[in-house]
Amino acid sequence: MPATSPDFVPYATAAVDFHRVLNVPAGPLVASRTELDCLHEHLTSLHALLDAHAERTAPLLPAEGNHLRAARTRLWQAADHLHAAYHSAPRPGSGEVPDAEACRARLPEGAPELTVCRRHQQAARLVRRRTTPTDLHSSFTGLVRH
């Protein structure tokens, strides 16, 4: 990495660890929709970062590129589960659990809740371009294509 380009990934990791240590033990028993939204944003950012690395690396080092692609796929799967968890979490104030079909039908709950759906749909476009259905549904994470 060039000397002029600082590496911020360790700081992001430290911030996530710091958040966990400070907030999870003393916080509520369940994650709030706000935290699930933030975690989803974090994972979709990591997904995009791994996508960039995978696409640059694969032509030069196919085995490493395959591992990076597998990691990218697993991050998408985790982000997809966070998106579902967000829609399964109770709404603030009312405690009502929203209808999961609203997001699938592109009728989200409205702003600011729309943000998680919009971000998820944007990431899904990249997933559709870079990942096969077989990759997404494979339970074996060690698959390396040659």
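Helices here are DSSP runs of H or I at least four residues long, and strands are runs of E at least two long, with numbering from the N terminus. With that in hand, the elements of this protein read α-α-α-α-α-α from the N terminus on. That makes six helices and zero strands. Keep in mind as you look around that this is a predicted model.

Let's start with the overall picture. The protein has 146 residues, and 27% of them count as buried. Its accessible surface comes to about 9,900 Å², with carbon and sulfur atoms supplying 62% of that. Now look at how the chain meets itself: among contacts with a separation of 6 or more, 66% are between residues 24 or more positions apart. The salt bridges give some concrete cases of residues meeting across long stretches of sequence, so to speak, and that is where we go next.

Side chains of opposite charge can pair when their charged atoms come close. In this model the count of salt bridges comes to seven. Take R119 and D37, whose side chains meet at 2.8 Å, N to O. This pair links distant parts of the chain, 82 residues apart, with R119 in helix α5 (residues 114-130) and D37 in helix α2 (residues 33-57). Are the two partners buried or exposed? R119 has a relative accessible area of 12%, so it counts as buried, under the 20% cut-off. D37 comes in at 18% and is buried as well.

Helices α2 and α5 are joined by another salt bridge, between D51 and R130, again with 2.8 Å from N to O. D51 lies in helix α2 and R130 in helix α5, so this pair ties together parts that are 79 residues apart in sequence. Here the two ends have unlike surroundings: D51 is buried, with a relative accessible area of 7%, whereas R130 is partly exposed at 35%.

R130 has a further partner. It also forms a salt bridge with E55, where the closest N and O atoms are 3.8 Å apart. Once more the link runs from helix α5, home of R130, to helix α2, home of E55, across 75 residues. E55 counts as partly exposed because its relative accessibility is 28%. Which residues end up in one network through shared salt-bridge partners? They are D51, E55, R69, R72 and R130.

One member of that network, R72, brings us to a histidine in helix α2. H47 is found in that helix, and at 4% relative accessibility it counts as buried. What does H47 touch, leaving aside residues up to four places away in sequence? Its contacts are R72, L75, W76, L126 and V127. Helix α3 spans residues 62-88, while helix α5 covers 114-130, so you can place those neighbours on the model yourself.Next, follow helix α3 (residues 62-88) to A85. At 29% relative accessibility, A85 counts as partly exposed. Its C-alpha atom is separated by 8.5 Å from that of R33, although the two residues are 52 apart along the chain. R33 is worth a closer look for its side chain. The charged end of R33 sits over the ring of Y86, 4.4 Å from the ring centre.

Aromatic rings come next. The count of aromatic pairs comes to one. That pair is F8 with Y11, and the rings are tilted, with 6.5 Å from centre to centre and 45° between the planes. Both F8 and Y11 are exposed.

Finally, the cysteines. A disulfide is a covalent bond between the sulfur atoms of two cysteines. How many disulfides does a search of the whole structure find? It finds zero. As for surroundings, C38 is partly exposed because its relative accessibility is 46%. C117, at 5% relative accessibility, counts as buried.

Technical notes: Residues are numbered from 1 along each chain as its sequence is written. This is a predicted model: local features need pLDDT of at least 70, side-chain atom pairs count only at pLDDT 80 or more; totals for chains, interfaces and linings use all residues. Side-chain values use heavy atoms; hydrogens and water are left out. Rings of Phe, Tyr and Trp (its six-membered ring) pair if their centres lie within 6.5 Å; planes under 30 degrees apart count as stacked, over 60 as edge-to-face and the rest as tilted. Buried means under 20% relative accessible area, exposed over 50%, partly exposed in between (1.4 Å probe, protein chains only). A charge sits over a ring if NZ of Lys or CZ of Arg is within 6 Å of the ring centre and within 35 degrees of the ring normal. A disulfide is a pair of cysteine sulfur atoms within 2.5 Å. Contact means heavy atoms within 4.5 Å. Accessible areas come from the Shrake-Rupley method with a 1.4 Å probe; for residues, only the protein chains shown count as cover. A salt bridge is a side-chain nitrogen of Lys or Arg within 4 Å of a carboxyl oxygen of Asp or Glu.
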